[in-house]
Each structure stands twice: as structure tokens, then as C-alpha cells.
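Please open the model in your viewer and keep the sequence panel visible beside it. The tour proceeds by selections, each followed by a description of what is found there.

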Amino acid sequence: MNTCSLIGRLVRDNKLEYTTSGKAYLKNALAIDRRGEGTDFVNIIAWEKTAEFIDKYFHKGNKIGIVGRLQSSSYKKDNKTFYSLDVVVEGVTFCESKTTEDVLLSNNSNSMLQVDENIELPFE
């Protein structure tokens, strides 16, 4: 069985790209805390609808939960072979709620958030 679940923050801004055959893909990395012992950085790759979803709803620094599978690869550069272990994303979960700023930016408008001043707040 090849399944992994991770929660972390996106390291870079997304860059949605397309293969020559028109398939959408996205490469990024997750910064995952080790409970006070440092941070691990894990490369992720998402394809098609999953890549488009991540590009639309997540940005650098956002906390994201992913489920996927490990995939190893290698490449040569300057006659040296480099190996990589990536997570191919198969599912995505929101791990934090939207802030007021996110809501305003996603509305793509210059209008201010309307607040009903007659609402009783549980604090003063």
C-alpha cells in the first residue's frame, strides 16, 4: 500500500502549468513542522482538477492537508544522478478558515465587508 497523509504550509506561490497535451499540473512543496524539532520540506505534485483546485484556493503560506502516494524519480545534471521522493496529491483538505482579508480578496470587489452593528457580541 502506498498512501500518505500530510498537513503543512505551501512553501511557494503556485504556478499552474500545462503539458504539451494540455494536462494541468502543479509542483510545490509543503513545510511540515516536527513538533519543535525543526521542519521537513516535502515536494508535492498535483494533476488536472486537483492542480486547478489547489491553484484556485490555496496560496503560499496557507495550511493544507493532502492525501497522496509517494513517487520516486531521478534525473541527471552535470553527469551526476539526483534522486527525488515526491508526493502525488490525490486529495486536498482545508486546514484553516478564511480570514476577512481572504474573503474580501476573493470577492474581487472594492466594497467593504458589511457588519451589522446591532449584533450582540459575546465580548466587549
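Select leucine 6 and isoleucine 66 together: in this predicted model, leucine 6 stands opposite isoleucine 66, which belongs to strand E5. Now extend the selection to residues 4–10, strand E1, and residues 63–77, strand E5. These two strands run antiparallel and are joined by 6 bridges.

Next, keep E1 and add residues 24–33, which form strand E3. Here too the pairing is antiparallel, with 2 bridges between E1 and E3. To find one point of this pairing, select arginine 9; its bridge partner in E3 is alanine 31.

Remain at alanine 31, a residue of strand E3. Which residues does alanine 31 touch, not counting those up to four places away in sequence? They are Gly8, Arg9, Val11, Thr39, Asp40 and Phe41. Alanine 31 has a relative accessible area of 22%, and it is therefore classed as partly exposed, since the buried class requires a value under 20%. If you use the distance tool between the C-alpha atoms of alanine 31 and leucine 6, the separation is 9.9 Å. Along the chain, these two residues are 25 residues apart.

Move now to strand E6, residues 80–94, and select serine 84 within it. Is serine 84 buried or exposed? Serine 84 is buried, because its relative accessible area is 18%, and the buried class covers values under 20%. Show the side chains of serine 84 and aspartate 86: they make a polar contact with each other at 2.9 Å. Leaving aside residues up to four places away in sequence, serine 84 touches Asn43, Gln71, Ser72 and Ser73.

The last two stops concern the backbone angle phi. Most residues other than glycine have a negative phi. Select glutamate 48, which is not a glycine and yet has a positive phi of about 50 degrees. Glutamate 48 is located in helix H1, residues 48–57. Its relative accessibility is 41%, so glutamate 48 counts as partly exposed.

Finally, select aspartate 78, which lies in the loop between E5 and E6. What is the sign of phi at aspartate 78? The angle is positive, about 55 degrees, although aspartate 78 is not a glycine. With a relative accessible area of 67%, aspartate 78 is exposed, because that class applies to values over 50%.

Methods. Residues are numbered from 1 along each chain as its sequence is written. This is a predicted model: local features need pLDDT of at least 70, side-chain atom pairs count only at pLDDT 80 or more; totals for chains, interfaces and linings use all residues. Side-chain values use heavy atoms; hydrogens and water are left out. Two strands pair if DSSP finds at least two bridges between them. Helices (H or I, at least four residues) and strands (E, at least two) are DSSP runs, numbered from the N terminus. Buried means under 20% relative accessible area, exposed over 50%, partly exposed in between (1.4 Å probe, protein chains only). Contact means heavy atoms within 4.5 Å. A polar contact is a pair of N or O atoms within 3.5 Å; within protein, one must be able to donate a hydrogen and the other to accept it, and residues adjacent in sequence count only if both atoms are side-chain atoms.
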